[in-house]
Amino acid sequence: MIEITPSVKEQLDNHFADKDKSPIRIHLASGCGGERLSLGLDTEQESDLVKEISGYTFIVDKELSEKAGAIKVDMTPYGFSVSSEVQVGGGGGGCGGGCSC
C-alpha cells in the first residue's frame with residue numbers, strides 16, 4: 001500500500017502543471033546516513049508494483065514493496081519524506097565513508 005498526503009498531491013500538481021506526468025519511483029537511495037526511501041521519475045519495469053494514486057502513477061520494485069510494507073509519502077519543510085511500515089535500508093550511521101559531516 002502506498003499513501004500520499006494532500007500536501008504531496010498539491011506539490012505534484014504544481015510540478016507537473018506544465019509537464020507531462022511521468023511515473024514516480026519509490027526506491028532506496030544511498031546517502032550520508034545510509035540508505036533511505038526516496039522518490040525519482042522513472043519508467044515502469046516488469047518487476048514493479050504499479051499504483052495509481054490521485055492521478056499519479058507510483059512504481060516500486062515488488063521485492064522492496066514486500067520488505068517495506070505500507071509506504072507513506074509526505075511533505076516536510078525540506079521536501080518529500082518517504083517512510084515505511086518496516087524500516088528498510090541501512091539506516092543511520094557515522095561518517096565512515098566519503099561524507100563530510
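How many bridges join strand β2 (residues 24-31) to strand β5 (residues 56-61), and in which sense, parallel or antiparallel, do these strands run? Three bridges join them, and the two strands run parallel. The legends below describe a predicted model, beginning with the whole chain and then turning to close-up views.

**Figure 1. Overview of the predicted model, in which the secondary structure comes to two helices and seven strands.** Followed along the sequence, these elements give the pattern β-α-β-β-β-β-α-β-β. The protein has 101 residues, of which 28% count as buried. Where contacts link residues at least 6 apart in sequence, 51% of them join residues at least 24 apart.

**Figure 2. The open sheet of four strands, in the order β3-β2-β5-β4.** The pairing within this sheet is mixed, and its edge strands are β3 (34-41) and β4 (48-53), each of which pairs on one side only. From one strand to the next, the twist averages 35°. Between β2 and β5, which run parallel and are joined by three bridges, a residue pair to look for is Ile24 with its bridge partner in β5, Phe58. As background to this view, side chains in a regular strand alternate between the two faces of the sheet.

**Figure 3. The open sheet of three strands, in the order β1-β6-β7, with helix α1 lying across it.** Here too the pairing is mixed. Strands β1 (2-4) and β7 (79-84) stand at the edges and have a single partner strand each, so one side of each is left without a neighbour in the sheet. The twist in this sheet averages 25° from one strand to the next. Helix α1 (residues 6-15) lies across β1, β6 and β7, and its direction makes an angle of about 70° with that of β6.

**Figure 4. Strand pairing on either side of β6.** With β1, strand β6 runs parallel and is joined by three bridges; within this pairing, Glu3 has Lys72 as its bridge partner in β6. With β7, strand β6 (residues 71-76) pairs in the antiparallel sense over six bridges, and the two strands form a hairpin with two residues between them. Bridge partners that can be followed along this hairpin include Ile71 with Ser84 of β7, as well as Met75 with Phe80 of β7.

**Figure 5. The aromatic pair of Phe16 and Tyr56, with Lys21 over the face of Tyr56.** A search of the whole structure finds one aromatic pair. The ring centres of Phe16 and Tyr56 are 5.8 Å apart and the ring planes stand at 40°, so the pair is classed as tilted. Phe16 lies in the loop between α1 and β2, whereas Tyr56 lies in strand β5, so the pair ties together parts that are 40 residues apart in sequence. Both Phe16 and Tyr56 are buried. Lys21 lies over the face of the Tyr56 ring, at 4.2 Å from the ring centre.

**Figure 6. The surroundings of Arg25, a buried residue in strand β2.** Arg25 has a relative accessible area of 11%, which is under the 20% limit, and therefore counts as buried. Two polar contacts of its side chain can be followed in this view: one is made with the side chain of Asp42, at 2.5 Å, and the other reaches the backbone oxygen of Thr43, at 3.1 Å. When neighbours within four places in sequence are left aside, the residues in contact with Arg25 are Ser38, Leu39, Gly40, Asp42, Thr43, Gln45, Asp48, Ile59, Val60 and Asp61.

**Figure 7. Ser38 in strand β3 and the residues that it touches.** Ser38 has a relative accessible area of 15%, again under the 20% limit, and is therefore buried. Not counting residues up to four places away in sequence, Ser38 touches Arg25, Ile26, His27, Ala29 and Val82. Among these, Arg25 lies in strand β2, and the contact between Arg25 and Ser38 links this view to that of Figure 6. Another of the residues touched by Ser38 is Val82, whose number falls within the range of β7 (79-84), an edge strand of the sheet in Figure 3.

Note on methods
Residues are numbered from 1 along each chain as its sequence is written. This is a predicted model: local features need pLDDT of at least 70, side-chain atom pairs count only at pLDDT 80 or more; totals for chains, interfaces and linings use all residues. Side-chain values use heavy atoms; hydrogens and water are left out. Two strands pair if DSSP finds at least two bridges between them. Axes are lines fitted to C-alpha atoms, for helices over the stretch in contact, and angles run from 0 to 180 degrees between N-to-C directions. Contact means heavy atoms within 4.5 Å. Rings of Phe, Tyr and Trp (its six-membered ring) pair if their centres lie within 6.5 Å; planes under 30 degrees apart count as stacked, over 60 as edge-to-face and the rest as tilted. Buried means under 20% relative accessible area, exposed over 50%, partly exposed in between (1.4 Å probe, protein chains only). A charge sits over a ring if NZ of Lys or CZ of Arg is within 6 Å of the ring centre and within 35 degrees of the ring normal. A polar contact is a pair of N or O atoms within 3.5 Å; within protein, one must be able to donate a hydrogen and the other to accept it, and residues adjacent in sequence count only if both atoms are side-chain atoms.
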